[in-house]
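Here is a short tour of a protein chain, written for someone who is new to reading structures. Keep the picture open while you read.

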Amino acid sequence: MSDPAAAISAKGLNECRAAFDNRAMRPAFDHTCGRHLPVGDAKLYVEQVGDPAGEPLVLLHGGLGGLTDFAPLLEGLPPGLRCIGIDFRGHGRSALGTQALSYALYQRDVLQVLDALGVQR
């Protein structure tokens, strides 16, 4: 199975970067304009939509899910939020890593992602 990122053209990547640089963020999670963050022994995939300066809202999917599960919900949220979607280890576009999966590990991963994104807690 091919990597979904390989299907994204250089033009598409540049458009994603330009949108982020201009702080005009996309309206939905779609696995095209995020980035991988090193977290422990894995690289976790993260996307943000909404107001970059807004109140952060972290959306965490359930088992066998991914951040795209929340795409239909984003339109119904109030404006002014900074929505952060994270693919857990081994889900979506995130690497599995070598550590045994547990809720405690997921919690540590989320806190490290929030730190890397500069989210105040």
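What follows goes from the whole chain to its sheet, then to one strand and a few aromatic rings.

## The chain at a glance

Before anything else: this is a predicted model. Count up the building blocks and you get three helices and four strands. Walk along from the N terminus and they come in the order α-β-β-β-α-β-α.

How much of the chain is buried? Of its 121 residues, 39% count as buried. The accessible surface adds up to about 7200 Å², and carbon and sulfur atoms hold 57% of that. Now take the contacts with a separation of 6 or more: 63% of them are between residues 24 or more positions apart.

## Four strands, one sheet

The four strands make an open sheet, lined up as β1-β2-β4-β3, and the pairing is mixed. At the edges sit β1 (35–39) and β3, each of which pairs on one side only. If you ignore direction, neighbouring strands in this sheet are turned by 35° against each other on average. Helix α3 packs on the sheet and touches β1, β2, β3 and β4. The direction of α3 makes about 120° with that of β1.

## A closer look at β4

Let's zoom in on β4, starting with its partners. Strand β2 (residues 42–50) runs antiparallel to β4, and five bridges join the two. One pair to look for is Val 49, whose bridge partner in β4 is Cys 83. Strand β3 (residues 55–60) runs parallel to β4 instead, with six bridges between them. Here you can find Pro 56 opposite Arg 82 of β4, and Val 58 opposite Ile 84 of β4.

Is β4 mostly covered or uncovered? It's mostly covered, with six of its six residues buried. Leu 81, Cys 83 and Gly 85 point one way from the strand, while Arg 82, Ile 84 and Ile 86 point the other way. Whichever way they point, all of these residues are buried.

## Rings that meet

Next, the aromatic rings. Searching the whole structure turns up two aromatic pairs. Why does the pair of Phe 88 and Tyr 106 count as stacked? The ring centres are 4.3 Å apart and the planes are at 25°, and planes under 30 degrees apart count as stacked. This pair links distant parts of the chain: Phe 88 is in the loop between β4 (81–86) and α3 (103–116), whereas Tyr 106 belongs to helix α3, 18 residues apart from it. Both Phe 88 and Tyr 106 are buried.

The other pair is Tyr 103 with Tyr 106, and this one is edge-to-face. The two ring centres are 6.4 Å apart, with 70° between the planes. Both residues sit in helix α3, and because they are three residues apart there, about one helical turn separates them.

## Buried and exposed in one cluster

Put the rings together and Phe 88, Tyr 103 and Tyr 106 form one aromatic cluster. Which of the two labels, buried or exposed, fits Tyr 103? Tyr 103 has a relative accessible area of 74%, so it is exposed; the cut-off for that label is over 50%. Tyr 106 has a relative accessibility of 13%, so it counts as buried. In other words, the edge-to-face pair joins an exposed ring residue, Tyr 103, to a buried one, Tyr 106.

Definitions and conventions. Residues are numbered from 1 along each chain as its sequence is written. This is a predicted model: local features need pLDDT of at least 70, side-chain atom pairs count only at pLDDT 80 or more; totals for chains, interfaces and linings use all residues. Side-chain values use heavy atoms; hydrogens and water are left out. Rings of Phe, Tyr and Trp (its six-membered ring) pair if their centres lie within 6.5 Å; planes under 30 degrees apart count as stacked, over 60 as edge-to-face and the rest as tilted. Buried means under 20% relative accessible area, exposed over 50%, partly exposed in between (1.4 Å probe, protein chains only). Contact means heavy atoms within 4.5 Å. Accessible areas come from the Shrake-Rupley method with a 1.4 Å probe; for residues, only the protein chains shown count as cover. Two strands pair if DSSP finds at least two bridges between them. Axes are lines fitted to C-alpha atoms, for helices over the stretch in contact, and angles run from 0 to 180 degrees between N-to-C directions.
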